[in-house]
Amino acid sequence: MSFEAYNKFATAVKEEMSLLNYEEQLGILTIVVNAMNNRKKNEPPISNEEKFSLYEKFKGSMKVGADFDAKKELMESLDERYGV
């Protein structure tokens, strides 16, 4: 479901819910929660190979050199941003 479709649906539900009694509201919420749970069941879980691949990708992108100085980098970025 696209963001626009979801937003349109959520807005309509919000407007209509105030017109319903509590029993009808509970019925609507039950349908929505059941639909969300069914959607989760239909999506296949990510394989271990994909998990490890993503782990290695992100672990590699977090590596920094031994000469990295976080304080120096921060001060330089502040100097550039604010012209200090």
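Author: Accessible areas come from the Shrake-Rupley method with a 1.4 Å probe, and for residues only the protein chains shown count as cover. In this predicted model, the protein has an accessible surface of about 8,200 Å², 59% of it belonging to carbon and sulfur atoms. Residues are numbered from 1 along each chain as its sequence is written, and side-chain values use heavy atoms, without hydrogens and water. Local features need pLDDT of at least 70, side-chain atom pairs count only at pLDDT 80 or more, and totals for chains, interfaces and linings use all residues.

Reader: Which elements of the protein have the lowest and the highest mean pLDDT?

Author: pLDDT is the predictor's confidence in each residue, from 0 to 100. Helices (H or I, at least four residues) and strands (E, at least two) are DSSP runs, numbered from the N terminus. The protein contains 4 helices and 0 strands. Helix H3 (residues 48-61) has the lowest mean pLDDT, 78, and helix H4 (residues 70-82) the highest, 84. The protein averages 79, and 89% of the residues score at least 70.

Reader: What percentage of the 84 residues is buried?

Author: Buried means under 20% relative accessible area, exposed over 50%, and partly exposed in between (1.4 Å probe, protein chains only). Buried residues account for 2% of the 84 residues.

Reader: Is Leu 78 buried or partly exposed?

Author: Leu 78, in helix H4, has a relative accessible area of 31% and is therefore partly exposed. Glu 76 also lies in helix H4; because its relative accessible area is 35%, Glu 76 is partly exposed.
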